[in-house]
Amino acid sequence: MSTSQATPPSEFNSALERRRFTSSLFKNCCAFLSWLCIGILGFLLVHIFSAGWEWVSFDFLKNPPSRMPHKAGLFSAFMGTIWIIVTTACIAIPMGVCSALYLEEYARKNRLNTFIEINIANLAGVPSIVYGILGLTLFVRFLKFGPSVLAGALTLTLLILPVIIIASREAIKAVPPSIRLSAYALGATQFQTVFHHVLPAALPGIMTGVILALSRAIGETAPILMVGAVAYVRKAPSGILDGFTALPIQIYNWAREAKPEFEGLAAGGIIVLLVLLFTMNSIAILIRNKTQKAQS
Amino acid sequence: MAETATFSLGKSKKRSRWIEEATRSGFFLCALASVLTTFGIVFVLIREAIPFFQVVPLTDFLFGTRWNALIEPRSFGVIPLLMGTMIIVIGSGLIAIPIGLASAIYLSEFASDRTRKIVKPVLEILAGIPTVVYGYFALTGITPLLKLINDDISVFNALSASIVVAVMILPMVASLCDDALKAVPRALREGGFALGSTKTEVSLKVVVPAALSGIVASFVLAFSRAIGETMAVTLAAGATPKLTMNPLESIQTMTAYIVQVATGDIEHGSVSYYSLYAVGGMLFLITLGANLLSHRILKKYREQYE
């Protein structure tokens, strides 16, 4: 027994070596492909910053779009994005949180509520361009809002509602049932339980989800392009029924131009957009980390 | 004293019941809005596609091999647009699926916590970058690189669009596969190791088969994302609907056509305008089918370990 352990048959030995070799080869391939993702991100950022950095300046932020590259800026696009996002947030957050509260706290298990749940899951998978078609037809034409901030914001609301609902439900689900039971035990109504106890406890989680959903809405191009690109707008909107242009639309328009200067402008616009997204995501992550620490 | 107390209690009870009912119905209406959205999408697509199908027969639309919607002589055969979409989907799938699955296996089976802490956020960042940025990247970053390798490639081509769409869906494939692999219980792996298998053998012959339903479901979801992807293909793949399998040429996808019609100066009410809804309806049906399929795979073939 001991001799066979000391010198295993040579065939077995070579198979083991081969298997070990394949194993490490496979591992290294997988590792390489994972690090490749980081390489791609690095290449993308370097490419954009090297093309656009020289175009980003104070004038770039405060000038209106122009046919002349050196005078062009994205003030109206930036303000348009802010208008759209604030309007979207005002509509989407209350609706999304209320839907989530209904599904988690009020809904009984019946056919209608199951249908609503399945429906929300499916809506999250509908391509954004289909929401663009809906917005263009329903808000711009049927309801006659025109290519306005309101039409764009309503379209984005429909687009991010499923995301907000799903994230809020997760946050509400994470509130321990004991909190609800103690509230009821003290004689609170369901309204009081939900608004004084469940909602405050779920708020950080909801805020994280909402900020991530809004930052997705900022970058959404296709639906906003379909709703708003009909009008050529130089001015920043001053009301929700004004026409608008937004950062992604402006980037798209510049990227389509043949002149190389516009390529630089597009990259400059992308830098501004990415900085905006980065700031919002950092806030979301900060809130998440803070609450995780507080809970543990 | 006691009387007034019961009286006010009864009054506030009545009020609170009213508040209960009002919030309940208000919340219900909000939840119903999402159902209305679905009905809205279906209603709009059907209603506006009717004028189109009154002029163009359904069979011509589904089986025609020439798409020439914007200039005379018009022709509305959707096959070239479908083909354009398929080139992008297949091309991006061929790139994203192996890389995504390999990263997922690496992250869940091999990588140290430190590596995970670097790679996972990078994947999240890649997933969060807006699609128009990827379009710009394809046009100005990838295409010139491809031109260095092969000079015949046109400025707008399906290959560079496929590459960026692959980068876009890769994080989704990787993180969904990672979740599926991590859900496989440790005991299965330990059983494999106890029989003398190497780590790779355990990963490929035990863990991946056990997580197969989740992995396949993630592929189907990625497929649906790639079909619906719009801005990158609009910017990088071109606007020439064409029946080709050559990824070096300029093509047009269904989504890019929709953008072209909606943003161009096409007369509202013309057949070309209504063709937008026929193409949009088709896109909606295909992605809906893919999403339902992925749910079904997850539900039906999930291995239960209790």
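Helix H11 (residues 254-263) of chain B is a good place to begin: 8 of its 10 residues are buried, so this helix is largely enclosed by the rest of the structure. The buried ones are Met254(B), Thr255(B), Ala256(B), Tyr257(B), Ile258(B), Val259(B), Val261(B) and Ala262(B). Please keep in mind that this is a predicted model.

What do the buried residues of H11(B) pack against? From chain B itself they meet helix H3 (79-110), helix H9 (212-228), helix H10 (231-236) and helix H12 (271-301). From chain A they meet helix H6 (128-142) and helix H10 (222-228). This helix therefore leads us straight to both chains, with packing partners in chain A as well as in chain B.

## The two chains side by side

Here are some overall values for each chain.

| Property | Chain A | Chain B |
|---|---|---|
| Helices and strands | 12 helices, 0 strands | 12 helices, 2 strands |
| Radius of gyration | 26 Å | 26 Å |
| Extent along principal axes | roughly 90 × 70 × 35 Å | about 90 × 70 × 35 Å |
| Buried residues | 46% of 296 residues | 47% of 306 residues |
| Share of contacts (separation of 6 or more) from residues 24 or more positions apart | 76% | 73% |

Reading along the sequence, chain B follows the pattern α-α-β-β-α-α-α-α-α-α-α-α-α-α. The radius of gyration of chain B, 26 Å, is well over the 19 Å that the globule rule gives for 306 residues, so chain B is more spread out than a compact globule. Chain A runs α-α-α-α-α-α-α-α-α-α-α-α from the N terminus on. For chain A, a compact globule of 296 residues would have a radius of gyration near 19 Å, but the chain has 26 Å.

How confident is the prediction for chain A, and where is that confidence lowest? The average pLDDT of chain A is 87, and 93% of the residues score at least 70. Confidence in chain A is lowest in helix H1 (residues 2-6), with a mean of 48, and highest in helix H7 (residues 149-173), at 94. Where pLDDT is low, the predicted coordinates should not be read in detail.

## Domains within each chain

The domain assignment of chain B gives domain 1 (13-55) and domain 2 (67-301). The C-alpha centres of these two domains of chain B lie 32 Å apart. Their contact takes 8 residues from domain 1 and 8 residues from domain 2. On the domain 1 side of chain B, the touching residues are 7 nonpolar, no polar and 1 charged.

For chain A, the assignment gives domain 1 (2-55) and domain 2 (58-295). Here the C-alpha centres of the two domains lie 40 Å apart. In chain A, 7 residues of domain 1 are in contact with 8 residues of domain 2. The domain 1 side of that contact in chain A has 5 nonpolar, 1 polar and 1 charged residues.

## Where the chains meet

Between the chains, 66 residues of chain B are in contact with 64 residues of chain A. Which element gives the largest share of chain B's side? That is helix H1 (residues 2-55) of chain B, with 19 residues. By class, the side of chain B that touches chain A has 38 nonpolar, 23 polar and 5 charged residues.

Leu101(A) gives a close-up of a contact between the chains. Leu101(A) is found in helix H4 (residues 75-106) of chain A. It counts as buried because it has 27 C-beta neighbours inside 10 Å, and 20 or more are needed for that label. Setting aside residues up to four places away in sequence, Leu101(A) touches Ile172(A), Val194(A) and Phe27(B). The C-alpha atoms of Leu101(A) and Leu181(A), 80 residues apart along the chain, are separated by 17 Å.

## The nonpolar core

The largest nonpolar core has 186 residues, of which Ala138(B), Val164(B), Val173(B) and Ala232(B) touch the most other members. Helix H6 (residues 158-182) of chain B gives the most to this core, with 17 residues. Apart from residues up to four places away in sequence, Ala232(B) touches Thr131(B), Tyr134(B), Gly135(B), Ala138(B), Ala161(B), Val164(B), Val165(B) and Met168(B).

How values were computed:
Residues numbered from 1 in each chain as written. Chains lettered and ligands numbered in written order. Predicted model: local features only at pLDDT ≥ 70, side-chain atom pairs only at ≥ 80, totals over all residues. Contact = placed C-beta atoms within 7 Å. Helix = DSSP H or I, 4+ residues; strand = E, 2+ residues; numbered from the N terminus. Nonpolar A, V, L, I, M, F, W, Y, C, P; charged D, E, K, R; others polar. pLDDT = per-residue confidence, 0-100. Rg over C-alpha atoms; globule rule 2.2 N^0.38 Å. Buried ≥ 20, exposed ≤ 12 C-beta atoms within 10 Å, placed from the backbone. Domains from an automatic or database assignment. Core = buried A, V, L, I, M, F, W, Y, C linked by C-beta atoms within 7 Å.
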